[in-house]
Amino acid sequence: MTMRRLLASVLAGVLAGGTVALVIQTPPATAERRGHEPVVIGHRGASAHRPEHTLLSYEAAIALGADYIEPDLVSTKDHVLVARHENEISGTTDVAAHPEFAGRRTTKTVDGRQVTGWFTEDFTLAELKTLRAKERVPDLRPDNTAFDGLAEIPTFEEVVRLALRAGVGVYPETKHPTYFDSIGLSLEEPLLEVLDRYRVRKAYIQSFETANLRELRRRTRLPLIQLITYGGAPYDWVAAGDPRTYDDMVTPDGLREVARYADGIGVDTRRVVPQDAGGATLPPTTLVADAHRRGLDVHVWTIRNENSQLPADYRMGNPASPAYPRATGNVMGWLSKLLDLGIDGAFCDDPGTGRAVIARRARA
């Protein structure tokens with residue numbers, strides 16, 4: 001029933017002397033209703049199709065329609081920012097096959113956790129450029145191994161130049177900022193230097209920690225995103241002995257505090273649609289509406305194609321098949337549900353999926 005017909009029926013009831021109880025349910029404030037199209041963020045590029053954090057991956061994300069490409073940033077020994085998921089690189093490069101670097105293998109404590117391997121901060125940029133990237137999860141994405149050994153580790157500057165040539169935005173994440181501060185390789189200064197030098201205007205800056213976002217708020221007008229996991233706490237809070245957790249951050253008071261220094265939140269999808277012990281979706285939370293009331297955008301992570309990465313009720317195929325975990329599930333239905341709940345953007349391993357869903361909604 002259209003609104004005009006609904007009002008006409010109410011008026012008829014009133015004229016007839018009756019009493020009409022009218023309840024109008026307000027639809028969720030989707031991104032479209034808030035006056036903008038949801039953004040598609042190429043998660044580590046197009047990591048469903050190419051080894052993550054390579055120019056190959058970022059180029060694929062652009063071709064598939066990403067609005068932004070996302071580099072996770074860590075530092076080299078000579079204080080150059082490079083794109084890697086972690087500063088420990090044995091899982092994403094061929095460093096273990098380089099005998100000249102065998103002596104660099106070590107154990108460090110990063111964010112309170114012991115990690116063994118090779119670390120970017122122990123290599124100069126020139127040394128890192130001799131390595132080649134490889135697929136991080138070959139069992140899940142065996143096709144991506146065809147690109148192993150082809151791509152260098154890109155610098156943040158190289159990613160920015162690619163984005164500017166293509167007319168897309170960048171969405172950098174500062175990885176382990178407290179740790180890098182502790183070893184004299186602060187991430188924020190070189191990050192802003194590159195963005196300022198190239199006059200980047202289409203960008204978000206994100207972090208799982210809070211102190212560096214507060215510092216960045218004083219130094220840039222670019223929008224800042226507070227990342228929020230499903231559990232745990234920001235490491236800068238842990239290091240300072242602050243007992244609060246990410247659960248405190250998503251309360252009304254917590255969101256009000258976030259809004260003092262950030263422009264949005266980037267959240268695990270389970271913060272919006274929880275799951276039961278079997279992975280099936282539960283009724284959605286009020287987080288999106290709560291964040292919107294405080295002027296915060298909501299971007300969710302991560303939209304992945306594979307059954308093993310989707311809620312149980314969005315998986316497809318024969319569970320007995322050995323290919324079932326990596327088979328593509330109903331990812332478009334899952335993203336559509338999240339968009340219906342009002343999210344403003346999504347980190348997608350396959351940006352083409354995100355673009356297709358949003359294009360379909362625009363035509364509806």
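This briefing walks through strands, ring pairs, nonpolar cores and salt bridges in one structure. Keep in mind that the model is predicted. Good places to start looking are strand S3, which covers residues 72-75, and Val300, one of the best-connected members of the largest nonpolar core.

**Strand S3 and its partners**

- Let's start with the side chains of S3: Asp72 and Val74 point one way, while Leu73 and Ser75 point the other way.
- That fits a general pattern, in which side chains of a regular strand alternate between the two faces of the sheet.
- Are these four residues of S3 buried or exposed? All of them are buried.
- S3 runs parallel to strand S8 (residues 173-174), and two bridges join them.
- If you want to spot this pairing, find Leu73, which stands opposite Thr174 in S8.
- S3 also pairs with strand S4 (residues 81-83), this time in the antiparallel sense and over three bridges.
- Here the residue to look for is Val74, which stands opposite Val82 in S4.
- S3 and S4 make a hairpin, with five residues between them.
- In the turn of that hairpin, His79 has a positive phi of about 65°.

**Aromatic rings**

- How many aromatic pairs does the structure hold? There are eight.
- Take Phe208 and Trp301: their ring centres are 5.8 Å apart and their planes sit at 90°, so this pair is edge-to-face.
- These two come from distant parts of the chain, 93 residues apart: Phe208 is in the loop between strand S9 (205-207) and helix H7 (211-217), and Trp301 is in strand S12 (residues 297-303).
- Phe208 has 24% relative accessibility, so it counts as partly exposed.
- Trp301, on the other hand, has a relative accessible area of 18%, so it is buried.
- Now look at Tyr314 and Trp334, whose ring centres are 5.4 Å apart with planes at 50°, so that pair is tilted.
- This pair also links distant parts of the chain, 20 residues apart, with Tyr314 in the loop between S12 and helix H12 (331-340) and Trp334 in H12.
- Both Tyr314 and Trp334 are buried.
- Rings can gather in groups too: Tyr68, Tyr171, Tyr204 and Phe347 form one aromatic cluster.

**Charges over rings**

- Tyr68 from that cluster has a charged visitor, as the charged end of Lys202 sits over the Tyr68 ring, 5.3 Å from its centre.
- Something similar goes on at Trp237, where the charged end of Arg244 sits over the ring, 4.0 Å from its centre.

**Nonpolar cores**

- As a rule, nonpolar side chains in soluble globular proteins tend to be buried together.
- Which residues touch the most other members of the largest nonpolar core? Out of its 79 residues, they are Ile69, Ile265, Val300, Ile303 and Ile343.
- Leaving aside neighbours within four places in sequence, Val300 is in contact with Val267, Thr269, Val272, Leu338, Ile343, Gly345, Ala346 and Phe347.
- Another core, of nine residues, lies apart from the largest one, and its members include Val39, Tyr171, Trp301 and Phe347.
- You've met some of these names already: Tyr171 and Phe347 belong to the aromatic cluster, and Trp301 pairs with Phe208.

**Salt bridges**

- The count of salt bridges comes to 30.
- One of them joins Lys108 and Asp122, with the closest N and O atoms 3.0 Å apart.
- Lys108 is in strand S5 (residues 106-110) and Asp122 is in the loop between strand S6 (113-117) and helix H3 (125-128), so the pair ties together parts that are 14 residues apart in sequence.
- Lys108 is buried, with a relative accessible area of 17%, while Asp122 is partly exposed at 23% relative accessibility.
- Arg132 and Glu152 form another salt bridge, and their closest N and O atoms are 4.0 Å apart.
- Both ends of this one are partly exposed: Arg132 has 25% relative accessibility, and Glu152 has 36%.
- Lys175 forms a salt bridge with Glu173, with the closest N and O atoms 3.7 Å apart, and these two residues are both buried.
- Salt bridges that share partners join Arg44, Glu52, Asp72 and Arg136 into one network.
- That brings us back to S3, since Asp72 is one of the buried residues in that strand.

Definitions and conventions: Residues are numbered from 1 along each chain as its sequence is written. This is a predicted model: local features need pLDDT of at least 70, side-chain atom pairs count only at pLDDT 80 or more; totals for chains, interfaces and linings use all residues. Side-chain values use heavy atoms; hydrogens and water are left out. Buried means under 20% relative accessible area, exposed over 50%, partly exposed in between (1.4 Å probe, protein chains only). Two strands pair if DSSP finds at least two bridges between them. Rings of Phe, Tyr and Trp (its six-membered ring) pair if their centres lie within 6.5 Å; planes under 30 degrees apart count as stacked, over 60 as edge-to-face and the rest as tilted. A charge sits over a ring if NZ of Lys or CZ of Arg is within 6 Å of the ring centre and within 35 degrees of the ring normal. A nonpolar core is a set of buried Ala, Val, Leu, Ile, Met, Phe, Trp, Tyr and Cys residues joined through side-chain atoms within 4.5 Å. Contact means heavy atoms within 4.5 Å. A salt bridge is a side-chain nitrogen of Lys or Arg within 4 Å of a carboxyl oxygen of Asp or Glu.
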